Amino acid sequence: MRQFGYRPARRGGFTLIELLVVIAIIAVLIGLLLPAVQKVREAAARSQCINNLKQVGLALHNYHDNNKKFPPGYASAYDAAGNDTGPGWGWAAHILPQMEQDNVFRLIDLKQPIEAAANAQPRTVIVKSFLCPSDTPPQQAFPVGPRSASGQLVSTTCTIAPSNHVGNFGVGEPGVDGDGVFFRGSTVRIEDITDGTSSTLMVGERSFYHAESSWVGAVTGTNHVPTPGSPLPLQVNNPSNFVLAHTGESFDGPASPKEINHYTARHTGGGNFVFADGHVSYLSRSTSYSSYKALSTRSGGETISTGDY
């Protein structure tokens, strides 16, 4: 018999509607927080990238203090036709002792080609200070060699360690006789930078999302191409592009490169550069091409608009 005034106890917990409301609120909160978290991560990565480049700038100046000149963009002899004959070691390899990587430098025989068996170990060492935390370079050495017209690897000459740092060749196509700080056999001194060291690029970023680069140097007989899946058009370039970059005849900044041998970066809207006086600046897509071009030459005498970078 039912007793008057008795009500069954209500079960605890959420109803389906309440649960859906909670899930919706959580989803909204995650949607609001995720961009903020991503911004914090990118800010931290960009800060670490700047610190790495500051170390590079300091190392280059220590090298200059010891040798009265900056290292060569890459060191190579050449034949009667002007073709590189090696050994090919690049500017970054020469500053390893100043980068606290003397143990790696001691393994290198600079008189022998990069691809020589004697250099098999050092050419594959990944130096974290040459990498940008905002990028996704390979975690091991990558193969290089001659390429077909379609960019396919014909044969593997050797494997070399990745890097996100490339030297400033200037305006023209990287290789010989650049108007920047680094080129084949370059011996640029601070006094040669008549445009002013605070307004001349020395090293910039290169993202593996767009194209390959290496701290090792220019491996003779190989070609530089876009990485698989790169949004940039196919180019089969000479190996100096592994360690050098240029602004070319048109450049919209590292956030919007047009060629694989431009400076490129995965930072939001721009990229980091070391200037010839050692300071690091972030240059955005708002920097004009005329300013990029002026900043890439060491003695062009160009005028740079105030506040353009």
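Trainee: Is Asp 102 buried, partly exposed or exposed?

Mentor: Burial is read from relative accessible area: a residue under 20% is buried, one over 50% is exposed, and the rest fall in between. In this predicted model, the relative accessible area of Asp 102 is 28%, so Asp 102 is partly exposed.

Trainee: With which residue does Asp 102 form a salt bridge?

Mentor: The general idea is to look for a side-chain nitrogen of Lys or Arg within 4 Å of a carboxyl oxygen of Asp or Glu. For Asp 102 the partner is Arg 106, and the closest N and O atoms are 2.6 Å apart. Arg 106 has a relative accessibility of 67% and therefore counts as exposed. The pair thus joins a partly exposed Asp 102 to an exposed Arg 106.

Trainee: How many salt bridges does a search of the whole structure find?

Mentor: The search finds 6 salt bridges. One of them is formed by the side chains of Arg 184 and Asp 84, with an N to O distance of 2.6 Å.

Trainee: Which parts does the pair of Arg 184 and Asp 84 tie together?

Mentor: To read such a pair, place each partner in its element. Arg 184 belongs to the loop between strand E5 (165–170) and strand E6 (201–205), whereas Asp 84 belongs to strand E2 (residues 84–90), so the salt bridge ties together parts that are 100 residues apart in sequence. As for burial, Arg 184 counts as buried at 11% relative accessibility, while Asp 84 is partly exposed at 22%.

Trainee: Which residues are linked in a network of salt bridges?

Mentor: The network links Arg 189, Glu 191 and Asp 192. Within this group, the side chains of Asp 192 and Arg 189 meet at 3.0 Å, N to O. Asp 192 is partly exposed with a relative accessible area of 25%, and Arg 189 also counts as partly exposed, at 35% relative accessibility.

Trainee: What elements make up the chain, and in what order do they run?

Mentor: The protein chain has 4 helices and 9 strands. From the N terminus on, the order is α-β-β-α-α-β-β-β-β-β-β-β-α.

Trainee: What is the strand order of the open sheet of 5 strands?

Mentor: Strands of a sheet pair through backbone hydrogen bonds, in either a parallel or an antiparallel sense. Here the order is E7-E5-E6-E8-E9, and the pairing is mixed. Strand E7 (244–246) and strand E9 (280–284) are the edge strands, each pairing on one side only. On average, neighbouring strands of this sheet are turned by 40° against each other, direction ignored.

Trainee: In which sense do strands E8 and E9 pair, parallel or antiparallel?

Mentor: Strand E8 (residues 270–275) pairs with E9 in the antiparallel sense, over 5 bridges. To locate the register on screen, find Val 274, which stands opposite Val 280 in E9.

Trainee: Which backbone angles deserve a look?

Mentor: Begin with omega, then turn to phi. Gly 86 and Pro 87 are joined by a cis peptide bond, with omega at about 10°. Pro 87 has its place in strand E2, the strand that also holds Asp 84.

Trainee: Where are Lys 68 and Asp 177 found?

Mentor: Lys 68 is in the loop between helix H1 (16–67) and strand E1 (74–78), and Asp 177 is in the loop between E5 and E6. Each has a positive phi although it is not glycine: near 65° for Lys 68 and near 55° for Asp 177. Lys 68 is exposed, with a relative accessible area of 58%. Asp 177 is exposed as well, at 62%.

Trainee: Which residues is His 61 in contact with, leaving aside its neighbours within four places in sequence?

Mentor: His 61 lies in helix H1 and is buried, with a relative accessible area of 17%. Apart from those neighbours, the contacts of His 61 are Phe 70, Ile 190, Met 202, Ala 276, Asp 277 and Gly 278.

Trainee: What share of the residues of the whole chain counts as buried?

Mentor: Of its 309 residues, 48% count as buried. The chain exposes about 15,000 Å², and carbon and sulfur atoms supply 55% of that area. Among contacts with a separation of 6 or more, 63% come from residues 24 or more positions apart.

Notes:
Residues are numbered from 1 along each chain as its sequence is written. This is a predicted model: local features need pLDDT of at least 70, side-chain atom pairs count only at pLDDT 80 or more; totals for chains, interfaces and linings use all residues. Side-chain values use heavy atoms; hydrogens and water are left out. Helices (H or I, at least four residues) and strands (E, at least two) are DSSP runs, numbered from the N terminus. Buried means under 20% relative accessible area, exposed over 50%, partly exposed in between (1.4 Å probe, protein chains only). Two strands pair if DSSP finds at least two bridges between them. Axes are lines fitted to C-alpha atoms, for helices over the stretch in contact, and angles run from 0 to 180 degrees between N-to-C directions. Contact means heavy atoms within 4.5 Å. Accessible areas come from the Shrake-Rupley method with a 1.4 Å probe; for residues, only the protein chains shown count as cover.
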